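The following explanation leads through selected parts of one protein structure. Please keep the sequence and the coordinates at hand while reading.

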Amino acid sequence: GVTDGEAERWQLDSTGLTYLEGLGKADMGDGDTFADFLTYGLQTFPADRYGLIFWDHGAGAADGVCYDELTDNSLDMAEIYDALTAASGQANYRKFAMIGFDACLMADYEMAVHLQPFADYMIASEETEPGEGWNYRGWLPTLAKDPGADMETVSKLIVDAFLQSIDDAGYGEFGTLSVLNLNRLGALRTAVEAMGESLQGQIDGGNFNAISRIRQGQRSFGETDDAASDMIDLTVFADAFSQYDADGAAALKTALADVVVYNGYTSNLDDISGLA
C-alpha cells in the first residue's frame, strides 16, 4: 500500500500500520527533509522519551546515510547535526534516549561526536549490515510493554536480536552492532585528538612513509562487501601506531572501553571494538 517514488507518513500501533498523509516527492538525502521529519514528530507526538532510527544505506563518515536512489543524495554529518540542532529548539524537544543506525558502516567516531549533544546512546554497525537489518520483533515489544525501560538494557536487546536474526537466516554474513554511551565521549575525544597530534608530529618529522605503510596493512570496514570505507577499528588504530605513542594508545583504548557499553559481532570477524 505504500506509493512508489513518494514520501508518506504512516503510524504503527497495536492494530498495525495506519496511513496518515502523503508528501509527494521528497529527497531522503536532504537535510531539510530530515529536519521536517524531526519537527513533525516532536510536534505531533510529544513524549517523555524519544528514539530516532536512520534506516537504509549507510557509507560511514565519508558519504553519510539514507542514500536516496532517486536523487543520488545522502545525509552527511553536517546535515544531520544541523537538523538536530534546529529540532533542539522545538518546545517538545528533549535529548534522545537513543539514536540508532539500521544501516551499514555508521559506528564511526566522527558520527558519534556529531550526535553527542543530542543523544544518550548511539547504536550502529562498524561493518556493512546484512540485508535483513535489525530484528525489531526482538526488542520493540519490550518498549511497548514498558516505555520507561532502561535504555541500555533495550539497546543490548537490539544488538542480541540483530545477531540472532543473522544466525537464524543462515547466511554466514558479517555482522557487527555496538552500543555507545555518548555521555562518556569526552575522554575518548581528548585521547583521539591527542594521538592525532602525536602522529601529525611524526609525519611532520619525516615518518610519513612508515606511518603510511602501517595504515596500508590494516583492514578497512566494508572490504568484505566490496564497499571499502577507509575506516578502521579504533583499537586496531591504537595498537598499530602505539610504537609512536604508547601512552596515547593506552589512553585511547581505556577511554574507548568506557564508551562502548555493549558490542556484538559474528564469529567470522575479529578485532572489533565497537567504534571505527
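In this predicted model, Asp271 is exposed, because its relative accessible area is 55%, and the cut-off for that class is over 50%. Asp271 lies in the segment after β9 (260–265). Its backbone deserves attention: Asp271 has a positive phi of about 55 degrees although it is not a glycine. Most residues other than glycine have a negative phi.

A second residue with this feature is Cys66, whose phi is near 65 degrees, a positive value in a residue other than glycine. Cys66 belongs to strand β4 (residues 65–68). With a relative accessible area of 11%, Cys66 is buried, since the limit for that class is under 20%.

The next topic is strand β7 and its partners. Five of the six residues of β7 are buried, so that the strand is mostly covered. Strand β6 (residues 96–102) pairs with β7 in the parallel sense, over four bridges; within this pairing, Gly100 has Ile123 of β7 as its bridge partner. Together with helix α4 (residues 109–115), β6 and β7 make a right-handed β-α-β unit. Strand β8 (residues 176–181) also pairs with β7, over four bridges, but in the antiparallel sense. Here the bridge partner of Met122 is Leu180 in β8.

From β7 the path continues to Glu127, which is placed in the loop between β7 (119–124) and α5 (140–145). Is Glu127 buried or exposed? Glu127 counts as buried because its relative accessibility is 0%. Which side chain does the side chain of Glu127 join in a polar contact of 2.9 Å? The partner is the side chain of Arg219. In addition, a polar atom of the Glu127 side chain lies 3.2 Å from the backbone nitrogen of Gly222. Leaving aside neighbours within four places in sequence, the residues in contact with Glu127 include Cys104, Leu105, Thr176, Phe221, Thr224 and Leu269.

The last topic is open space. The second largest pocket holds about 430 Å³ of space. It is lined by 17 residues, of which Glu110, Asp230, Ile232, Leu234 and Phe237 are the closest to its centre. The elements that give two or more residues to this lining are α4, α7 (185–216) and α8 (234–240). Among the contributors, α7 gives the most, with seven residues. Helix α4 thus links two parts of this account, as it belongs to the β-α-β unit with β6 and β7 and also gives residues to the pocket lining.

Technical notes: Residues are numbered from 1 along each chain as its sequence is written. This is a predicted model: local features need pLDDT of at least 70, side-chain atom pairs count only at pLDDT 80 or more; totals for chains, interfaces and linings use all residues. Side-chain values use heavy atoms; hydrogens and water are left out. Buried means under 20% relative accessible area, exposed over 50%, partly exposed in between (1.4 Å probe, protein chains only). A polar contact is a pair of N or O atoms within 3.5 Å; within protein, one must be able to donate a hydrogen and the other to accept it, and residues adjacent in sequence count only if both atoms are side-chain atoms. Contact means heavy atoms within 4.5 Å. Two strands pair if DSSP finds at least two bridges between them. A crossover is right-handed if, with the strands pointing away from the viewer, the path from the first strand over the helix to the second runs clockwise. On a 1 Å grid over the protein atoms alone, a cavity is a set of points where a 1.4 Å probe fits but cannot get out, and a pocket is an open set with protein on both sides within 12 Å along at least five of seven lines; lining residues have an atom within 4 Å of a point. Grid points are joined across faces, edges and corners, and a volume is the space filled by probe spheres set on the points.
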